[in-house]
Amino acid sequence: MKIKIPATSANLGPGFDCLGLAIALYNEVCIKPSSYQSISVKGEGEENAKLKKNNIFVSIFYDIYQELAGKKDPFRFEFFNAIPFSRGLGSSSAVIVGAIASAYEMAGVKASRETILNKAILYETHPDNIAPAVFGGFTSSVVESGRVRTLKKVLGEKLKVVMVIPDRPMSTAHSRTLLPKSYPMKNVVYNLSRASLLTAALFSENWEFLRVASKDCMHEHRRMKQMKELFEVREIALRSGALMSTLSGSGSSFFNLVKAENALKVATALKNAFGMFRVEIFELDNNGFEIVKS
Ligand SMILES: Nc1ncnc2c1ncn2[C@@H]1O[C@H](COP(=O)(O)OP(=O)(O)OP(=O)(O)O)[C@@H](O)[C@H]1O
Ligand SMILES: N[C@@H](CCO)C(=O)O
């Protein structure tokens with residue numbers, strides 16, 4: 001079997017740990033029965049020898065496979081990774097969702113997307129990357145008594161993403177240590193009001209609200225100070241016509257949502273200013289992970 005899992009952009013500014021959307025940039029994994037277990041890696045991470053020995057996809061896959069099948073059969077895992085590691089593009093969620101969904105498939109056990117989502121939340125405690133990797137589109141999620149409740153909005157072809165992908169990583173674990181444990185009431189209200197408006201604007205396709213609704217005062221500034229060029233990325237993107245411009249997940253990439261007709265203009269302005277960073281135009285993904293039987 002083959003599975004493809006989309007990249008995701010989480011938070012979208014004020015929606016810390018709850019809002020996210022899926023991007024048409026995919027990791028693909030082929031899993032085949034074999035007489036012994038083996039791993040090959042192409043693309044992102046192929047130079048990292050540890051991924052062939054200590055691979056989190058493989059360990060999560062076997063956690064679930066053994067639980068379902070009651071045995072540990074040997075498989076060959078072939079990874080084709082397009083999602084860069086630790087750049088705020090949901091590489092870890094893609095691994096978690098991909099491993100769980102493919103373990104169900106290989107064990108021959110049917111599972112709903114809600115089941116995959118609720119297994120995945122055991123491995124990554126916030127649903128903002130996991131939910132769009134499972135369902136595609138824009139997702140708004142809460143975790144209640146350990147279960148994720150998500151609503152999804154399909155985002156059509158009129159929108160594109162201009163992603164700025166820096167040459168340096170920011171690990172989520174480190175990036176979270178930069179944040180305070182509590183926030184003053186006025187900051188909470190600032191983010192709460194904007195996350196609500198952002199969700200309403202995306203669901204109702206009122207794109208002109210996105211710029212004001214995507215502002216954040218909880219996490220972006222502290223994280224962006226680690227890579228000061230990101231302040232200028234935002235300034236140029238918004239000046240060139242981006243609808244919103246936010247730190248992608250915990251960084252280091254910057255997510256710019258644009259009307260399709262403005263994508264090239266925004267991308268060119270960013271490429272001209274940041275020759276050392278990758279600047280790419282992506283479609284949105286509205287399907288989430290997809291299993292292709294082979
Ligand atoms: N394709 C992969 N195969 C194996 N491990 C991976 C793969 N992609 C990511 N990882 C693991 O996940 C880690 C990156 O996770 P991290 O949460 O720091 O960043 P991210 O998921 O890319 O960003 P964000 O959560 O902000 O969107 C890597 O260091 C590696 O351990
Ligand atoms: N909401 C998470 C996304 C990255 O996993 C964070 O900002 O830390």
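**Group meeting: a two-domain chain with a ligand in between**

Okay, let's start with a sheet: four strands, open, in the order β8-β9-β7-β10, and the pairing is antiparallel. On the edges you have β8, residues 244–247, and β10, residues 278–282, each with a pairing partner on one side only. Going from one strand to the next, the twist averages 20 degrees. Before I go on, keep in mind that this is a predicted model.

As a quick reminder, strands in a sheet pair through backbone hydrogen bonds, parallel or antiparallel. Here, β7, which is residues 159–165, runs antiparallel to β10, and the two share five bridges. If you want a spot to click on, take Val164: its bridge partner in β10 is Val279. Then there's a helix on the sheet, α11, residues 263–273. Helix α11 touches β7, β9 (254–259) and β10, and its direction makes about 10 degrees with that of β7.

Now let's zoom out to the domains. The assignment splits the chain into domain 1, which is 2–154 plus 285–292, and domain 2, which is 159–282. Their C-alpha centres are 23 Å apart. As for the interface, 23 residues of domain 1 are in contact with 29 of domain 2. On the domain 1 side, β1 (2–10), β2 (19–33) and β5 (138–144) each put in at least two residues, and β2 gives the most, with four. By class, that side of domain 1 has 12 nonpolar, nine polar and two charged residues.

There's also an annotation to mention. The unreviewed UniProt entry has "domain: GHMP kinase C-terminal" over residues 210–274. In the model, that stretch is 48% helix and 15% strand, and its end C-alpha atoms sit 24 Å apart.

Right, on to the ligand. Where does ligand 1 lie relative to the two domains? Both domain 1 and domain 2 give residues to its shell, so ligand 1 lies between them. There are 24 residues around ligand 1, and the ones that come nearest are Ser91, Ser92, Thr172, Gly249 and Ser250.

Which elements supply that shell? α2 (56–69), β4 (75–81) and α3 (91–107) each bring at least two residues, with the largest share, four residues, coming from α3. And if you're thinking about the chemistry of the shell, the split is 15 polar, eight nonpolar and one charged.

So, to leave you with one picture: two domains, with ligand 1 lying between them because both give residues to its shell.

Key: Residues numbered from 1 in each chain as written. Chains lettered and ligands numbered in written order. Predicted model: local features only at pLDDT ≥ 70, side-chain atom pairs only at ≥ 80, totals over all residues. Near = placed C-beta within 6 Å. Nonpolar A, V, L, I, M, F, W, Y, C, P; charged D, E, K, R; others polar. Domains from an automatic or database assignment. UniProt positions renumbered as here; feature names shortened; annotations may be inferred. Contact = placed C-beta atoms within 7 Å. Pairing = 2+ DSSP bridges. Axes fitted to C-alpha atoms, helices over the stretch in contact; angles between N-to-C directions.
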